[in-house]
Amino acid sequence: MANLSLRHICKIYPARGGAKKSLFNFKKKKAQTEVRVGDFTAVKDFNMEIEDGEFIVFVGPSGCGKSTTLRMIAGLEDISAGEMYIDGKLVNNVDAKDRDIAMVFQSYALYPHMTSYENISFGLKMRKIPDVRRDKEGNPVLDKDGNEIKIMRHYTKAEIDEKVQWAAGILGIKELLHSKPSDMSGGQRQRIALGRAMVRGPKVFLLDEPLSNLDAKLRTQMRSEIVKLHKALKTTFIYVTHDQVEAMTMGSRIVVMKDGFIKQIDTPTNLFDYPENKFVAGFIGTPQMNFFRVEITKKAKTLYAKFTNGETLKLSLDKMRPVLGEYLDGNPHEVYLGVRGEHVCVGESGVSASVNVTEILGSDMHVFFEIEGQEGDFIACLNCRLPLATGDRLHISFSEENVHLFDAESEKSILGRKE
């Protein structure tokens, strides 16, 4: 088990050719590295402290830098700038094999000609461990000064078998130990890959989208299996996925990334309830949060939100989360008003809209609607069924306690947390 410290980590893939060089500051007084014109910066000033035993999930769209960060932790990619520590030891120049880290890949990477037992035990057969020289009776051999003689040795067959049987017992794959990968399902192969990592007893487990090749039902099952495995091993897990449902259900903390930058690090519930910017608010949660471009103005204890169709919705400041003072000066401010579908109310008052599509989900209903002057469709998730059809007019309002506001230019949240 181990804690990790990533300090101003950057990854730059150099451009081909002899382009001119320019200095790029990621942040003042922080990581600085020389970047040539045409270079691609995949990870930019990544800072994080990971405690021993945490389950950390890196999530974000394709190309955001999450897998690249994982590979730098593993030692499979060089760190262009910054420092990484494992248990307080700087490991920038430590080879991958010496970092005591195990990685589970998306493709399983099993040897097809080997049985499950052989796949799980292969790494142990190749690995050496510290020990002392012993005589035929198993007693330590001493040197002329009376000190034990230190050696490096391979695992014995008995030690290997004990570890393989232990891992197979936890993963429930003992009956598969003599089968080959071609005779197994995707979920069974993934368990074999996990077992191969487990027997090493690593300080850190790295998992790079391990469930992406499985069908929906099996993914749900394997998610719970991996969470159970983490609780059983009590080891640090770092998991990469593009699926925010996986992130929300598995991680103790989640790192949301975009374009190489960290957008927010927090617990699943805090990411959902208190997104720090519009990107996180839209990325976390299914269906995606609605965003309305509005103009807000404070009058007394009411916030007036003027929509693009000219209509105004009143929001009580007493019910809302606290709004930053600079937006309560009585002047109009352009913002994005964010609200999740389950917090949209359909009734006789509110902003007028028209129905585009309705979806009946048993006793629930999804209503997709549009507002004049606003781009795209919006969604209301209702826990009842209403007699609505395409083209019908309706009025929408919001649960004020669950409204989010983001600055139109910076896209950062302008709301504080509830006390």
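Helices, as H or I runs of at least four residues, and strands, as E runs of at least two, are DSSP runs numbered from the N terminus. The model is predicted. This briefing covers its cysteines, one cis peptide bond and two residues with positive phi.

**Cysteines**
- The structure contains zero disulfides.
- Cys 10 takes part in no disulfide, and the cysteine sulfur nearest to its own, that of Cys 64, lies 15 Å away.
- Because a disulfide needs two cysteine sulfur atoms within 2.5 Å, the 15 Å between Cys 64 and its nearest cysteine sulfur, that of Cys 10, leaves Cys 64 in no disulfide either.
- Cys 10 has a relative accessibility of 0% and so counts as buried.
- Cys 64 is likewise buried, at 1% relative accessible area.

**Cis peptide bond**
- Most peptide bonds are trans.
- The bond from Thr 286 to Pro 287 is cis, its omega being near -5°.
- Pro 287 sits in the loop that runs between helix H8 (278-283) and strand S15 (290-299).

**Positive phi outside glycine**
- Most residues other than glycine have a negative phi.
- His 8 has a positive phi, near 55°, and belongs to strand S1 (residues 4-13).
- With a relative accessibility of 25%, His 8 counts as partly exposed.
- Ala 109 also has a positive phi, near 55°, but is placed in the loop between strand S8 (101-104) and helix H2 (116-126).
- The relative accessible area of Ala 109 is 40%, so this residue is partly exposed.

Definitions and conventions. Residues are numbered from 1 along each chain as its sequence is written. This is a predicted model: local features need pLDDT of at least 70, side-chain atom pairs count only at pLDDT 80 or more; totals for chains, interfaces and linings use all residues. Side-chain values use heavy atoms; hydrogens and water are left out. Buried means under 20% relative accessible area, exposed over 50%, partly exposed in between (1.4 Å probe, protein chains only).
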